[in-house]
Amino acid sequence: MNTTCPICGNSNNCCNGIDKSKGICWCTQETFPQEIFDLVSDEDLRKKCICQECLHQFPNK
Ligand SMILES: [Zn+2]
């Protein structure tokens, strides 16, 4: 499943991984700093979405 955050393991609430009929995901409208992707392993990158909470807790945001 791609519905868990690769950083904290909680649900990422990403509808890109769940149901696209619900419209565009919150993550499509957010800006993700490049540095946050350094926290994600290559394996999970582009497969799992970072959750909103981790994005907002990221120091450089
Ligand atoms: Zn998270």
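This tour proceeds from the zinc site to Asn 12 and then to the cysteines around them.

The model is predicted, so local features require pLDDT of at least 70 and side-chain atom pairs pLDDT 80 or more, while totals for chains, interfaces and linings use all residues. Residues are numbered from 1 along each chain as its sequence is written, and side-chain values use heavy atoms, with hydrogens and water left out.

Select the zinc ion. Its protein donors are the SG atoms of Cys 5, Cys 8, Cys 51 and Cys 54, at 2.2 to 2.3 Å. Donors are N, O and S atoms within 2.8 Å of the metal (3.2 Å for Na, K and Ca). The angles between the four donor atoms run from 104 to 118°, and the arrangement is therefore tetrahedral (four donors, all angles between 85 and 135 degrees). Along the sequence, the donor residues follow the spacing C-x2-C-x42-C-x2-C.

Next, colour by accessibility (buried, under 20% relative accessible area; exposed, over 50%; partly exposed, in between; 1.4 Å probe, protein chains only). Cys 5 is buried at 3%, whereas Cys 8 is partly exposed at 35%.

Now select Asn 12, which is buried at 1% relative accessibility. The Asn 12 side chain reaches the backbone oxygen of Cys 49 at 3.0 Å. Display the residues in contact with Asn 12 (heavy atoms within 4.5 Å): beyond four places away in sequence, they include the zinc donors Cys 5 and Cys 51, as well as Trp 26 and Ile 50.

Finally, select Cys 49, which is partly exposed at 22% relative accessibility. A search of the whole structure for disulfides (cysteine sulfur atoms within 2.5 Å) finds zero.

Conventions. Tetrahedral: all angles 85-135°; square planar, octahedral: opposite > 155°, others 65-115°. Polar contact = N/O pair within 3.5 Å; in protein donor to acceptor, adjacent residues only side chain to side chain.
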